[in-house]
Amino acid sequence: MDQWLNPYYLQIVMFMLINAMLGISIYFTLATGQLSLGNAGFMSVGAYTSALLSLKAGLPLYLSIPAGGVAACVLAAVIGIPATRLQGIYLAIATLGFGEVVRVIILNMKVTNGALGLSGIPALSVQIGKQLNSLGLGSGLGGITVQQLSNLSVIGLLALVVIFLVFFALRLRHSRLGRAFAAIKDDEHAAEVTGVDTVRYKLLAFFMSAFVAGIAGALAAHITFYIGPKDFSYHRAVEILLFAVLGGGNVIWGPLLGAGILTLLPELLRTVADYREMIYGGILVIMMIFRPQGLISEETLRLWRSKLFPAAKTEQEAVARRSAG
Amino acid sequence: MMLALKQVGKNFGGLAALAGISFEVHGGEILGIIGPNGAGKTTLFNLITGVMSPSQGDIVFREKSIVGTRPHQITQLGIARTFQNIRLFGNLSALENVMVGMHCRTQAGLWQGLWRTGKQRQEEADIREKALAMLALTGIADVSQALAGSLPYGKQRRLEIARALAADPEIILLDEPAAGMNESETDDLKQLVARIRDLGKAVVLIEHDIQLMMTLCDRIVVLNFGQKIAEGDPASIQANPAVIEAYLGKEEG
Ligand SMILES: Nc1ncnc2c1ncn2[C@@H]1O[C@H](COP(=O)(O)OP(=O)(O)O)[C@@H](O)[C@H]1O
Ligand SMILES: [Mg+2]
């Protein structure tokens, strides 16, 4: 038990969940066919906002973390209105540039402590530990120490956020707005002429993406206790892009799988961790050549569904036939 | 009079793709637009649906100018269209394509979609039912679950019509809907267009098949090199010397 609950493993799980959120964040923009690489920028805004609010203003974390998401959203409004008018590669370049601008600003501001970054950020696990203490669990539960318990609680909290976001994404896909998103992704011009306010929905997707990235950044700040401008550089943006490229950007499960693999990979292959960037580049090229839709595509899901539930499938077809007749 | 074009012109650089075009579309009629390739027919549709703005003139729908109005707003006002080069949502099912067509007639937002409120579920059921009805009307209900991109050509053309009809337009603009169809498919299409008119909608139809246009249309507008050279009922168009000249030696362009 103890062996599995060591802080190192627990932290990897936390990073996996944070990265899962970032994967979902890029999924939201991809769902409208927008390739936005501003997620690292929005993440840093969320992280710094929440860190500063809790450090300097003493705001409790349950307020400062959502505030991080909101701050990212506000910035998304400022750059999103011009940016979402850009198409394809131009949007990618503009948002990548935006991320760098944010980083440079953070690097040069006093309040963010420049290149040194912020340390001693109030830890989520400590805050939760205090709550557990007040619940009389100060000496732990069973064989689990209070520290492990609070770390597990953090993981539980992060998992809840991820589960909610997945639930949200799945519900979205089969709703009026989700269909509008999918239509824009397939053919923006046709969607507009069909009666979909494409500007509005692209902006909405951009906001959703920024908000989730901001929340993820804020949570990350309170898990690592330290953040610096380096954490949100161009590499970070590429890494988030890679979640979608590797896992697949067309279904929500894709970026989740990508985030999982790409968080574990460097940990499992400690020796090659130095070549991380090279490996990332390699993955990008290989995926683009051999499987541009990523590991999981809609096709994959259909295949599994028909294998796992052959009965359900024939029934579905029968329903389709009946309603057709 | 529902829709009126007043001295409408469109320039592309130095080229006047359309100049001084005026005509009206009345409720419940089938108005044909014919003319050789490059005459400006599709450009006309692009102007009416707000895809492009006219360089000159005004377009009035139900007493209000719609120049400068964005395409999705024009669809909401009651003008829907199909594309000469099919533009479906290829990765969505046929049914979903039509459901997107109903977007501007429905309300449910992010929140309601997330929690599947009673109102949202009711609306979804409504959307589904009406979309299925549109597929049945256009004769492609059997492929409702198929991906739009995987459908045969003729069915894709019908699906575009179903999607446009889903917006419940007062005027539907069809840009060469019979292109690439065989004879029996064209016959079916003819009946479909008549049925749409019988629903009380005005149909503006671009087609090259003169025979089809003569039998189907109530009135016809003839374009040539961006100019309107004739307008009238099929019989008068067929007898019009300017039309005959434009088409001489150009067996359907
Ligand atoms: N977006 C555009 N940019 C430049 N020229 C265009 C554009 N759209 C159409 N044209 C030109 O306008 C003329 C009319 O085209 P179009 O309306 O497509 O004709 P039709 O539909 O009658 O065949 C053609 O000469 C065409 O090349
Ligand atoms: Mg044309």
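## Ligand sites and selected residues in a two-chain predicted model

Ligand 1 is surrounded by B:F12, B:L15, B:A17, B:P36, B:N37, B:G38, B:A39, B:G40, B:K41, B:T42, B:T43 and B:M52, where a residue counts as near a molecule if one of its heavy atoms lies within 4 Å of it. This is a predicted model, in which local features need pLDDT of at least 70 and side-chain atom pairs count only at pLDDT 80 or more, while totals for chains, interfaces and linings use all residues. Residues are numbered from 1 along each chain as its sequence is written, chains are lettered from A and ligands numbered from 1 in the order in which they are written, and side-chain values use heavy atoms, with hydrogens and water left out.

The shell around ligand 1 divides into 6 nonpolar, 5 polar and 1 charged residues. In this division Ala, Val, Leu, Ile, Met, Phe, Trp, Tyr, Cys and Pro count as nonpolar, Asp, Glu, Lys and Arg as charged, and the others, Gly among them, as polar. In chain B, β2 (15-25) and α1 each supply at least two residues of the shell. The largest share, 3 residues, comes from α1(B). Helices (H or I, at least four residues) and strands (E, at least two) are DSSP runs, numbered from the N terminus.

Three polar contacts to oxygen atoms of ligand 1 are tabulated below. A polar contact is a pair of N or O atoms within 3.5 Å; within protein, one must be able to donate a hydrogen and the other to accept it, and residues adjacent in sequence count only if both atoms are side-chain atoms.

| Residue | Atom of the residue | Distance to an oxygen atom of ligand 1 |
|---|---|---|
| B:G38 | backbone N or O | 2.8 Å |
| B:A39 | polar backbone atom | 3.3 Å |
| B:T43 | polar side-chain atom | 2.5 Å |

On its own, ligand 1 has 560 Å² of accessible area, and the protein covers 61% of this. Accessible areas come from the Shrake-Rupley method with a 1.4 Å probe; for residues, only the protein chains shown count as cover.

The magnesium ion (ligand 2) has two protein donors, B:T42 through OG1 and B:Q84 through OE1, which lie 2.0 to 2.1 Å from the ion. Donors are N, O and S atoms within 2.8 Å of the metal (3.2 Å for Na, K and Ca); water is not among the atoms, so sites may look incomplete. The two donor residues link distant parts of the chain, 42 residues apart: B:T42 is in helix α1 (residues 41-48) of chain B, and B:Q84 is in the loop between β6 (79-81) and α3 (94-101) of chain B. B:T42 is also part of the shell around ligand 1. B:T42 counts as partly exposed because its relative accessibility is 25%, and B:Q84 counts as partly exposed at 27%. Buried means under 20% relative accessible area, exposed over 50%, and partly exposed in between (1.4 Å probe, protein chains only).

Two loop residues of chain B stand out by their backbone angle. Most residues other than glycine have a negative phi. B:R116, not a glycine, has a positive phi of about 45 degrees; B:R116 is placed in the loop between α4 (110-115) and α5 (118-137) and is partly exposed, with a relative accessible area of 29%. B:E176, also not a glycine, has a positive phi of about 50 degrees. B:E176 lies in the loop between β7 (171-175) and α7 (183-198) and, at a relative accessible area of 8%, is buried.

The remaining residues belong to chain A. A:E239 is in helix α10 (residues 234-247) and is buried, with a relative accessible area of 5%. The side chains of A:E239 and A:Y280 are joined by a polar contact of 3.1 Å. Not counting residues up to four places away in sequence, A:E239 touches A:L262, A:R276 and A:Y280, contact meaning heavy atoms within 4.5 Å.

A:G254, in helix α11 (residues 253-268), counts as buried because its relative accessibility is 0%. Leaving aside neighbours within four places in sequence, A:G254 is in contact with A:F243, A:G247, A:G248 and A:I296.

A:S25, in helix α1 (residues 7-30) of chain A, is also buried at 0% relative accessibility. Beyond residues up to four places away in sequence, A:S25 touches A:N39, A:S209, A:V212 and A:A213.

A:T300 is placed in helix α13 (residues 298-308) and is buried, with a relative accessible area of 12%. With neighbours within four places in sequence left aside, A:T300 is in contact with A:R291 and A:L295. A:T300 and A:V251 are 49 residues apart in sequence, and their C-alpha atoms are 10.0 Å apart in space.
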